[in-house]
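Me: Could you walk me through the aromatic rings and the sheet in this model? I would like the cut-offs along the way.

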Amino acid sequence: PYPQSLDETTKIDDMNFHNIWLRHNCRCPKCIDINGDTIIMPHLLNETSYNPRKIKHSNLNISIEWNDGHFTILKKKFLIENNYEKLKSKLKSEPLL
């Protein structure tokens, strides 16, 4: 159905994120039209664009250099708030009603 590489994850500060999710959440001018808040994803055409080449940590941000040369900067706070593995386990432990 889709390339196996889309299932690959990257570990950041004891949290696992799918590479496609990390790339999709890039908010640079090449990836999002700031005027219309429309996502522009030219990297969808290139499977290797979902593979991180290098990840750098700072106190507040994570900087990801992708194999296609693109750079993504994400706030650590954003990653913590959107740690879907933690959210998924929380949902499993809480009753629905």
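Me: Which residues do ring pairs link into a cluster?

Reply: Happy to help! This is a predicted model, where local features need pLDDT of at least 70, side-chain atom pairs count only at pLDDT 80 or more, and totals for chains, interfaces and linings use all residues. Residues are numbered from 1 along each chain as its sequence is written, and side-chain values use heavy atoms, leaving out hydrogens and water. Rings of Phe, Tyr and Trp (its six-membered ring) pair if their centres lie within 6.5 Å; planes under 30 degrees apart count as stacked, over 60 as edge-to-face and the rest as tilted. The cluster linked by ring pairs is Phe-17, Trp-21 and Phe-78.

Me: How many residues apart in sequence are the parts that the pair of Trp-21 and Phe-78 ties together?

Reply: The ring centres of Trp-21 and Phe-78 are 5.7 Å apart with planes at 10°, so the pair is stacked. Trp-21 lies in helix H1 and Phe-78 in helix H2 (residues 76-81), so the parts tied together are separated in sequence by 57 residues. Helices here are DSSP runs (H or I, at least four residues), strands likewise (E, at least two), numbered from the N terminus.

Me: Which strands stand at the edges of the open sheet?

Reply: Two strands pair if DSSP finds at least two bridges between them. The open sheet has three strands in the order S5-S6-S7, with antiparallel pairing. One side of each edge strand is left without a neighbour in the sheet, because each has a single partner strand; these are S5 (52-57) and S7 (71-75).
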